[in-house]
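Here are three short exercises to work through with the model open beside you. Try each task before reading its solution.

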Amino acid sequence: MVAGTGTDLRAFTQRVRRHVVEMVYGAQSGHIGGSMSSTEILAVLYGRIMRHDPKRPDWAERDRFVMSKGHCTPVQYATLAESGYFPVEELSTFRKKGTRLQGHSVLGKPEGVENSAGALGMGLSFGLGIRLGMRLSNIDAHVYVLMGDGEQDEGQVWEAAMAASHHGVDRLVAIIDRNGIQNDDFTAATMRTEPLDEKYRAFGWEVRAGIDGHNLEAVEEALAWARDVRGKPALVIFDTVKGKGVSFMENNPNFHGAAPNAEQFARAMEELA
Amino acid sequence: MTTTNLPAAATREALGPTLVRLQQNGADIVVVDADLGKSTSARTFRDAFPERFFTFGVAEQNMISAAGGLATLGHVVVASTFAVFAEHAFDQLRMSVAQPKLNVKVVASHGGVSTGEDGASAQSVEDYALFSSLVNFTVCVPADVVEAEAMVAAAVATPGPWYIRTGRPKIPVIYTDGPRFQIGKADMLRDGTDVTIVACGLLVERSLRAAEALQASGISARVLNMGTIRPLDVAALEAAAKDTGAIVVAEEHLTHSGLGAMCAQAIAATTQPVPMEFVGVQSRYGESATWDEVLEIMGLTVEGVEAAARKVVARKR
């Protein structure tokens, strides 16, 4: 089943963004910017693309979502909760003592989190391994791996890109949330990774780039295309805006890993009303 | 146990054939390899089960994270490379295997300094310290090829992350009557009253010979094969301290972070700590020479163990 079919995704993303801001404000730490740039991508994956069932998180035939940019747990937890994996109320425990919702992804905490992350660059390899295991077990499910554009600095990403192509792995969909900002600065100033599309093509991938990552229809069309690629791994590069949805956070490197203060929080929630 | 005229084999030779046998008997094994399958014997498995063998090229980091992903499907994943190159993927071992407690068995050959001629870069003096620092890992070092086979079989049968360090040179087989390996249990190969020699890997056979030499001069030495580095058999160490009053730890690894350090921590926590001496690599890297010569340069010899035993016995008087 596709759990979210029929869900109003526009309203879904608005609820997720509000959760993201509340969680990070509540914890006074966490990563808003990269969560807001990925919000539509996750909403479409869980609402339109992935074969999954929140009531059976260990279903062997499920599609898997691998969060490689493991600092963006706010959007991951909010999406899982809004999809029915666990109660929305639990989101308020984010990063607090005794919580299941750690600052960075931990496999199985809560159910629906498929990998441990936080050190960047490992998710594509982990997803590749999952897909190889599925192939061996004759499971025709998909693996979707979400990476950041700053994450493309990591050499391991390219080891995985090479190996996925070498082994002729399909139903492996890599997604880059190209928001243009990493921890310290804009990605272009930190380490030049472009042209990413040409690089992945040279590594043997089917690639679509230049897609508006905040246009729900465009996101769905691109991910549906990637889902149906056969014989090769597929990549979609979404152009996104870090901090999307809150004017003063948008494209602002200061909101990579910083929490809003009380006044900023009030303004943000007003904008997301 | 006598140490004369023993057959010889390298512990690395155990991996491939053992995996083939286990797979033929119904296991669900997948092997991931980083372009060293000929040397580690993993290729034997590829030849028998090519669809269950994935090469990742010379890319250990990708291999280890992918191994974690593969293990989530329920397969027993065996990752094969050299010990020094397994170290190359430490963060991947931590994040993609240890923390999520996935069923990945890293079986790394060419452990220790007995890789010989290849020199310092190929000689892992710190590998099992690193693996022992990873929570959830079981860490083993076989004393001979028979024990190596038993360890590989135990690893495949037991859920969770494992590290098994095997070696390059042909060394004497001491378990000629079959393996006695039990996870987390030291194996007493020889009992004694004056000192206990705790050893792993190729130092076990050397320690047995040292015990024979000590016997000739009236020192009675117990020899424990500590095949499991983690979890450590603390009960056997406590008994050794109580029964013999002195302990030597002998290993092919840095002493300050290896089996010696771990045994010392365990002994220090007992009610009656005893004098200890440490035979191993003393805060240095290796160099090129034949494997036997490198062991001699490092003092990892029968004479080295014997001298440490005499010293520690003298300290208790």
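**Exercise 1.** How many residues of chain B are in contact with chain A, and how many of chain A with chain B? Then describe the chain B side.

*Solution.* Keep in mind that this is a predicted model. Start with the count: 23 residues of chain B are in contact with 21 residues of chain A. Next, look for the helices involved: α4 (60–71) and α6 (90–98) of chain B each supply at least two residues of the side that touches chain A. Of the elements there, α4(B) gives the most, with 8 residues. Finally, sort the chain B side by class: 10 residues are nonpolar, 11 polar and 2 charged.

**Exercise 2.** Work out how the two assigned domains of chain B meet.

*Solution.* First, set the bounds: the domain assignment gives domain 1 (8–172) and domain 2 (187–316). The C-alpha centres of these two domains of chain B lie 26 Å apart. Their contact takes 28 residues from domain 1 and 27 residues from domain 2. On the domain 1 side, the elements giving two or more residues are α7 (127–132), β6 (138–140), α8 (145–157) and β8 (171–172) of chain B. That side has 15 nonpolar, 9 polar and 4 charged residues.

**Exercise 3.** Describe how α1 (9–27) and α3 (39–49) of chain A cross.

*Solution.* Begin with the geometry: the axes come within 10 Å and cross at roughly 125 degrees. The helices α1(A) and α3(A) are therefore oblique to each other, and their crossing is right-handed. Now find the residues: Leu9(A), Phe12(A), Thr13(A), Val16(A) and Arg17(A) of α1(A) meet Thr39(A), Glu40(A), Ala43(A), Val44(A) and Gly47(A) of α3(A). By class, this contact has 5 nonpolar, 3 polar and 2 charged residues.

Methods: Residues are numbered from 1 along each chain as its sequence is written. Chains are lettered from A and ligands numbered from 1 in the order in which they are written. This is a predicted model: local features need pLDDT of at least 70, side-chain atom pairs count only at pLDDT 80 or more; totals for chains, interfaces and linings use all residues. Two residues are in contact if their C-beta atoms, placed from the backbone, lie within 7 Å. Helices (H or I, at least four residues) and strands (E, at least two) are DSSP runs, numbered from the N terminus. Ala, Val, Leu, Ile, Met, Phe, Trp, Tyr, Cys and Pro count as nonpolar, Asp, Glu, Lys and Arg as charged, and the others, Gly among them, as polar. Domain bounds come from an automatic or database domain assignment. Axes are lines fitted to C-alpha atoms, for helices over the stretch in contact, and angles run from 0 to 180 degrees between N-to-C directions. Angles under 35 degrees count as roughly parallel, over 145 as roughly antiparallel, 65 to 115 as roughly perpendicular and the rest as oblique. A crossing is left-handed if the near helix is turned anticlockwise from the far one by less than a right angle, and right-handed if clockwise.
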